[in-house]
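Okay, thanks for squeezing me in. I'd like to walk you through one chain, from the overall layout down to a couple of odd backbone spots.

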Amino acid sequence: MDKKIELQVLNISNSQAQVGAYALVLGEVGGERQLPIIIGPAEAQATAICLKGVKAPRPLTHDLFYTCLNVLGTKMLRVLIYKAKEGVFYSYIYLQKDEEIIRIDSRTSDAIALAVRADCPIFIYESILEREYIRLDDSDQPDTEQQEEETNDSDNVNSLEQALEQAIKEENYELAARLRDEINRRK
C-alpha cells in the first residue's frame with residue numbers, strides 16, 4: 001500500500017503558469033519536497049486570510065462551511081490528495097460524525113482552505129508526491145536562508161496586495177484596512 005506523506009502550506013503566490021491564478025506551495029513535513037498546486041483567486045484569498053489570522057467581518061464561504069460542520073457535530077479529520085492527472089489534483093475530505101467516518105470528494109483548493117481552518121493534517125500518497133514535486137537545481141536555490149525569507153516575504157506581500165485589491169473591489173473596507181496595515185507592517 002502507498003505510504004501517506006504529510007504536507008503543510010508553505011506559500012501562496014501568483015502563478016507563473018496561468019494568468020489570474022495562484023500557486024499554492026505545499027511542503028513535505030520533515031522533508032524537502034515541495035508541491036505547487038494551481039488554485040483560483042477566491043481559494044487563494046480564503047486560505048491566505050486564514051493563515052494570516054485575518055478575520056473577515058462576515059463569514060467567507062469556507063468559514064460558513066466549516067461552521068456548518070461544527071454546528072452539525074462533525075469534525076474534520078484530514079485531507080488526502082489521492083490523485084493527480086494532467087496538472088489537476090483530486091482530494092478527499094475525511095469527517096467524523098459520532099463513530100462514523102465520512103469521505104467527501106473535494107477540489108484540492110477547497111479542501112486545503114478548510115484544512116487550515118480546522119487545523120487538520122493534509123496528506124498525499126508518496127507515489128504522487130514523488131511524481132509531482134518541484135525539483136530545484138542548485139542554481140535555483142537561494143544562497144542563504146535570508147534570501148529565501150526575503151523571497152517568501154515578497155511573495156506574501158504580493159498575495160496580501162492582491163487580497164487587498166479584491167477586498168476593495170468587493171467594497172469590504174474593513175478587511176481592506178487590515179490588509180493594508182499588514183502590508184505596511186511587512187514593508
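I'll start with the ground rules, then go through the fold, the sheet, the helices and the loops.

So, this is a predicted model, where local features need pLDDT of at least 70 and side-chain atom pairs count only at pLDDT 80 or more, while totals for chains, interfaces and linings use all residues. Residues are numbered from 1 along each chain as its sequence is written, and side-chain values use heavy atoms, with hydrogens and water left out.

Right, the overall layout. The chain has 6 helices and 7 strands. When I say helix or strand, I mean DSSP runs numbered from the N terminus: H or I of at least four residues for helices, E of at least two for strands. Reading from the N terminus, the order goes β-β-β-α-α-β-β-β-α-β-α-α-α. There are 187 residues, and 40% of them count as buried. Buried here is under 20% relative accessible area, exposed is over 50%, and partly exposed is in between, using a 1.4 Å probe and protein chains only. Take contacts between residues at least 6 apart in sequence: 52% of those join residues at least 24 apart. A contact is heavy atoms within 4.5 Å.

Now the sheet. In what order do the strands sit? It's an open sheet of 7 strands, β3-β2-β1-β7-β4-β5-β6, with mixed pairing. Pairing means DSSP finds at least two bridges between two strands. The edges are β3 (34–39) and β6 (100–107), each with a single partner strand, so one side of each has no neighbour in the sheet. On average, neighbouring strands are turned by 35 degrees against each other, direction ignored. For the angles, axes are lines fitted to C-alpha atoms, for helices over the stretch in contact, and the values run from 0 to 180 degrees between N-to-C directions.

Zooming in on one pair, β1 (residues 4–14) and β2 (residues 22–28) run antiparallel and are joined by 7 bridges. If you want one to find on screen, L7 has E28 of β2 as its bridge partner. Packed on this sheet is α1, touching β1, β2, β3 and β6, with its direction at about 105 degrees to that of β1.

Staying with α1, that's residues 41–51, and its buried residues are E43, A44, Q45, A46, T47, A48 and I49. After the helix comes G53, with a positive phi near 75 degrees.

How much of α3 is covered? For that helix, residues 108–118, 11 of 11 residues are buried. That includes charged ones you might want to click on, such as D110 and R117.

Last bit: two aspartates. Just after α3 we have D119, with a positive phi of about 50 degrees although it's not a glycine. D119 lies in the loop between α3 and β7 (122–125), and it's exposed, at 73% relative accessible area.

The other one is D98, in the loop between β5 (88–97) and β6. Its phi is also positive, near 55 degrees, again in a residue other than glycine. Buried or exposed? D98 counts as exposed, at 59% relative accessibility. And the C-alpha atoms of D98 and G73, 25 residues apart along the chain, are separated by 7.8 Å.
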